[in-house]
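Q: I have a model open and would like to know how its labels were earned. Could we go through them one at a time?
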Amino acid sequence: MFRSRAFLSAILLFGLFSQQAQAFMGLTQALLLLPASQLPKAKLTLCYISLNNDREFIETKAFIDKIQAITGKNLVEVTEFQKKGQSPEQTVRDLIQNKVVCNGLVISGHHTGAFGGARSGGSLSIDFLERISCEADSSKWFLNIQSLWLQGCRTLGATTELQQQQNMDLANFHGARVGAVREADHLQQGQWDLVNEFANVLDSETPYASRFMKSFSHAKIFGWTETAPGEKASSDKSLPYHIHNVALQLVSSSGQTIKLSNPFAPKISPAAAQAYQDALVTILMPPRTVKTLKASLEGWKLHGSPDPSKGIYGLYNSKLNAHPPLVGSEDTWLLKTRDLECKVRNASTFEVKMSHLKSILADERLIALSFYTLRDILRKADRDTAQSKIIRETMAASTKLTSFLKMKLSSKHLGIVRKVEYFAFVRDVTGEINQELYTVIKKEAWDLLLQPADAANYTVRDFKSRLIAELARSKMLSYEELVELINKAPDKSLVAVCLSAIQNYSTIMPNVGQLLTQIERRWPIEGDLASQMISAIGYSRTWNPDFERIVKNLYRKILSTPAQAPGNGKWSVFQSLFYNREARFPELTEIFVKYRDDQLAIIDKKSQELGPNDPYTESLRTTLLGASLATPEIDLAVADSTAKSIIAYFEKKGLTAQNIHNIASQLFSSVYDQSRFTIVIPPNRQYILDFVSRNAELIAQSETNGNHIRNTLLRLCARYSPQKHERVVEIIFRQAQVSGSEMDKKIIPDFIRSSEWTNWGKQPNYISETLFKSILATIPPEADYFSGFAKYATDAGYNLSIVRNLYSRFERSSDLNENKLCMLMMAYGKSKLSLEERKAAIQRFQRHPSAGHLMPACTLMTAIIAPDLFQNVIALADQYTSTPEHEPYVRGVAVLVYGLSDLPAPQRTAKIESIVRSNAFTGDSLQVLSPSLMVYTGISNMERYMEVLRTVAAHRQIEDEEKIKQWVWTVNSAEKLSEAQKAEIRRLFQLPEKVNTDGN
């Protein structure tokens, strides 16, 4: 005490007490709010995933940086992780894979049951978060999060709204309301998905908030229960207000007298700054006491009802709530549900899965809380007949489940989307149809379908189209009922809906041919409906005699009408006729042959009326060109005759930059296989290559934004006309330098990267060393595509000094993360540098600060590429797979190491099976084995690779929907695999030949 008095006396003597001493005393008092023992041992991270705008992130970061500058303690880092245009699901997976520890997480954006917005390349749903939070390699990331802010409308459900609007179907209402403005809100979901998502939010039996609580079981959760504040209500200030009110609670409960003014006041005192920082740390760390937990929760609720006279600041919106962490709470049922859901999702065997499933089905409370997991299990079981039968029988035997399902169907706020789905669920599980529910759902569906609508409103059209398809799929709509709907239609908008449904869901539409005949007899088919009708014919599975009459009537009507301006739908019928790749009706070809000359004659006549340079007639020619090139194989002769005559017309007239771009677009589309991501030019279409060769430089010089056209040109030149390639590269490169366009600059690196991926270039010396150096000088090492240059330089055989320089630049780049480090490591493995240089590089990379959980897998991939760099590759694989903490990826690569090794066949099989049978071999381990690995490792022994897949498939199958899609894509695009091998992989892993994207 004596020393303290002496110190204060000294301050008074020097006249400093007025300012510095007050600050010191305030700081000392503030420090008492958070004892040293409760300070974080490591820096905390507040992670943002901002899907609509990043204003809240900017405001929060500025506030936190400001208070930390005042306190002099940098305890919290605020970071935005959402890249503009990136899938938010990928953002989450990147955070997990890069082992980013988020102590707090803010997800902000428009919310409809899924987050989205202008910065997002997709949506982020609770279904996705709920699923991956149970995955072995993801669960730790979720458990680290101590506070979760869900900044959007109804992110914690809508309890009050449900009570106030008991007679309104809120899911349908909100789906239609948001669907009408979804483009303005930058939402990518259609109205069907929106209604489905709102049904999740409004689900009173399986409360929406409980699903976040299960997924983020250690987090305090803050969100909104109705419409959240928008930008005009200063929503970007939400977190600083929350921090302020938590600090206010902590100061009050501690008995201190620190003055906390508006957190956005120009000046913040040191004492207030310390109180704010202490409050922030309290929020981002596990609750130490009941007092600190209460302060975090109450601080959030207070910011919805501000009262500046009491020092409470906020957003004047009381529709919000906060929940304590599930772990440590008294909610034993929710905790038990969380445990069982993860067990049933991660079960190592089907028997274990069924055991946990039966535990859930034994209690109606567990069924209610884990309903969406049960739905996932039933959906996935559809792919396996034997298991599906057992699962359905087990669910059908649960009277508690069937009772619960029937109760769900009586909900007022379910929405037509979910009602149809649940009706099918009940029917699938019980094998019964509840006639009373069927009548109610049918009436609601028909009322929606028969509402008048603008035929050009594609949001409503697509919603109704999907509804018709789901009714048909659920056996709730017969052919006779569909005809009845058509006859009752108040306007032609429902006709457009039915035609759209036929095109998108033809496999489940009954009697397509007869239905089209009924439509044609009931409604005048013209304009847009004409082209839709032709397309619907193409999607029919069988030829109907009426089709020829319908098509001829349409042609007669169109050809007897003077040419009109583009966009009225009359001319699109010509184009739509030829996109019938699956149907391949010879009858359609005969019609095309008959009227082809008439089409050209009409265009020529119109050209004479408007002048030879009229853009409309040129667009008609290029449309006809594309239509001709897209015809089925049976009429190639007719198509090529038309195409050649159109090309000759343009070349004789004189090509302009715009029309050569249009022609090139049609030509390239005709030889680019979308399903296999490669270019295939039949021998009898050599005229396409001739056109490219004659006009390559002009195409390269065309001032358009068609980067995919110029990219395709580069690939064509590389594969078929290498003598033209360097000149084209040089032209595009010089243009990029002049324009300064980042999109232009990326064309050549993208091409180099895609050449690496698809192995299109058999001769890698596409461009000279001089031109390569010029391009290289403009590419920063931080660029995502820089690694493509590293591999290109190596494969092209440029002198070793260039290769060394390139690798060195890449290694010194400021953002050499683990993924790039892995790419560089493999590039070294493939390079022609000396053995000593390569070994030294590998050792550097293994010790690099960026090296982390992926390094063992990268090391084994490099060992496959260059086994001479390692003393004993088998021993290395043994070492990595014996350590339980290694990532699942290493086990997938190790399986390949063993399979490609010189070990005797029985030993290879035994080692592979020992890994595959273990619980540590996950879906990610299996994903590593897809043919995409060939690109990185250069595997050439396809027989041995197939042997590995046979062994793996005997014990493991692919379960995740997204992983199935990725396998299909990589199998289809793998050039090294024969068609027989691709077919065998599909059979081994029960893969479809193509990925369905139409919801079937």
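A: Happily. This is a predicted model, and a good place to begin is K724, which is found in helix α35 (residues 722-739).

Q: What makes K724 buried, exposed or partly exposed?
A: K724 has a relative accessible area of 22%. Buried means under 20% and exposed means over 50%, so K724 is partly exposed. As for its surroundings, the C-alpha atoms of K724 and E697 are separated by 8.5 Å, although the two residues are 27 apart along the chain.

Q: And L716: why is it called buried?
A: Its relative accessible area is 2%, and the limit for buried is under 20%, so L716 is buried. L716 lies in helix α34 (residues 707-720). Its C-alpha atom is separated by 8.2 Å from that of V692, 24 residues apart along the chain.

Q: How do you know that N972 and R986 are in polar contact?
A: Their side chains are joined at 2.9 Å, and a polar contact needs a pair of N or O atoms within 3.5 Å, so the pair qualifies. N972 is found in helix α50 (residues 961-972). With a relative accessible area of 6%, set against the limit of under 20%, N972 is buried.

Q: Why is the pair Y241 and F264 called edge-to-face?
A: The ring centres of Y241 and F264 are 5.5 Å apart, and pairing requires centres within 6.5 Å. Their planes stand at 80 degrees, while edge-to-face starts over 60, so the pair is edge-to-face. The pair links distant parts of the chain, with Y241 in helix α11 (residues 238-254) and F264 in the loop between α11 and α12, 23 residues apart.

Q: What makes Y241 and F264 buried, exposed or partly exposed?
A: Y241 has a relative accessible area of 10%, under the 20% limit, so Y241 is buried. F264 comes out at 27%, which falls between 20% and 50%, so F264 is partly exposed. Both rings belong to a cluster in which ring pairs link F63, Y241, F264 and Y276.

Q: How many aromatic pairs does the structure hold?
A: The structure holds 17 aromatic pairs. One of them is W141 with F142, at 5.0 Å centre to centre and 90 degrees between the planes. An angle over 60 counts as edge-to-face, and that is how this pair is classed. W141 and F142 are both buried.

Q: How do you know that the charged end of R211 sits over the ring of Y372?
A: R211 has its charged end 3.7 Å from the centre of the Y372 ring, and the distance limit is within 6 Å. K408 likewise lies over the face of F371, at 4.9 Å from the ring centre.

Q: K408 brings us to helix α19; why are its buried residues said to be on the same side?
A: The buried residues of α19 (residues 399-409) are L401, T402, F404, L405, K408 and L409. They cover an arc of only 160 degrees around the axis, which puts them on the same side of α19. There is a general reason behind such patterns: an α-helix has 3.6 residues a turn, so residues three or four places apart point the same way.

Q: What makes strand β7 (residues 147-151) largely enclosed?
A: Five of the five residues of β7 are buried, so the strand is largely enclosed by the rest of the structure. S147, W149 and Q151 point one way, and L148 and L150 the other way. In a regular strand the side chains alternate between the two faces of the sheet.

Q: How do you know that β7 pairs with β3 and with β8?
A: Pairing takes at least two bridges. Strand β3 (residues 104-108) is joined to β7 by five bridges, running parallel, and β7 pairs with strand β8 (residues 220-224) over three bridges, also in the parallel sense, so both pairings meet the requirement. W149 of β7 stands opposite V106, and its bridge partner in β8 is F222.

Q: Last one: why do β4 and β6 count as edges of their sheet?
A: The open sheet has three strands in the order β4-β5-β6, with antiparallel pairing. β4 (110-111) and β6 (124-125) each have a single partner strand, so one side of each is left without a neighbour in the sheet. β4 pairs with β5 (residues 114-116) over two bridges, and H110 stands opposite G116 in β5.

Note on methods: Residues are numbered from 1 along each chain as its sequence is written. This is a predicted model: local features need pLDDT of at least 70, side-chain atom pairs count only at pLDDT 80 or more; totals for chains, interfaces and linings use all residues. Side-chain values use heavy atoms; hydrogens and water are left out. Buried means under 20% relative accessible area, exposed over 50%, partly exposed in between (1.4 Å probe, protein chains only). Helices (H or I, at least four residues) and strands (E, at least two) are DSSP runs, numbered from the N terminus. The arc is that of the directions from the helix axis to the C-beta atoms. A polar contact is a pair of N or O atoms within 3.5 Å; within protein, one must be able to donate a hydrogen and the other to accept it, and residues adjacent in sequence count only if both atoms are side-chain atoms. Rings of Phe, Tyr and Trp (its six-membered ring) pair if their centres lie within 6.5 Å; planes under 30 degrees apart count as stacked, over 60 as edge-to-face and the rest as tilted. A charge sits over a ring if NZ of Lys or CZ of Arg is within 6 Å of the ring centre and within 35 degrees of the ring normal.
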